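Trainee: Could you take one buried position in this protein and walk me closely through its surroundings?

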Amino acid sequence: MPSLTEMARGLLQGWRSRPKTDWLVAAAVVGGHGLLVALTGRGDILGAPDREQRLAVYTTGATVVALIGSFVTAAIAQYASATGRRMRTLRTAPHLASQFRRNWVSILSATLLISAVCLLAIVLDTTETDPGGVHWAVEGALVLGAARAYRLLWLFNAVIQASDRDLADAPRTLAPNSSPRG
């Protein structure tokens, strides 16, 4: 029987290879939170503050996600420019390469979507109490963003580890104008 650690590792690997599961995570978290708010009448994190506070959250969300988008493009550039046996394997092995591409595209597309949802919420949330529930869409987008941020950290770590191992394997050469004695 597999241990709890092995099961967790298997679930995590399955999650990593299927970026679409982030949508299910976001729906489950927001749905559960919505049900809790409906049953108790309390805990509506984005619905409780006044309109100005909600607009500040929407603006901050769009800004933070745009900044994360710049990290995504930097990570993709690092991934694309790295050389070495392990990096070549990450980019060309059928399963790994498609998994990495799906993850990069899912993260980049999510940053665009989350920014758009936050900016659209600024336009649509026009009343003090948000009777249309725009804040729930923002909550869903932000939860999706949290899942994709973890995915981004995982990708960064995988690329850095492969690059570092490739660099460690590279033959050591002397810097120009240096002697072997240092």
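Mentor: A residue is called buried when its relative accessible area is under 20%. In this predicted model, I107 has a relative accessibility of 2%, and therefore counts as buried. I107 belongs to helix α5, which runs over residues 94–124. Setting aside its neighbours within four places in sequence, the residues in contact with I107 are V72, R148, R151, L152 and L155. By contrast, the C-alpha atoms of I107 and R9, which are 98 residues apart along the chain, are separated by 22 Å.

To place I107 among the nonpolar residues, it helps to begin with another set. The largest nonpolar core holds 16 residues, and those with the most contacts inside it are Y58, I114, C118, A121 and V138. Two or more residues of this core come from each of α2 (21–40), α3 (51–81), α5 and α6 (134–169), with α6 giving the most, namely 5 residues. Apart from this core lies another, made up of 15 residues, and I107 is among them, together with V72, F100 and W104. I114, for its part, touches V65, A141, L142, L144 and G145 when residues up to four places away in sequence are not counted.

Helix α5 also has a part in covering helix α1: G14, W15 and R16 are buried in α1, and what covers the buried residues of α1 includes α2, α5 and α6.

Methods
Residues numbered from 1 in each chain as written. Predicted model: local features only at pLDDT ≥ 70, side-chain atom pairs only at ≥ 80, totals over all residues. Heavy atoms only, no water. Helix = DSSP H or I, 4+ residues; strand = E, 2+ residues; numbered from the N terminus. Buried < 20%, exposed > 50% of the residue type's maximum accessible area, 1.4 Å probe, protein only. Contact = heavy atoms within 4.5 Å. Core = buried A, V, L, I, M, F, W, Y, C linked by side-chain atoms within 4.5 Å.
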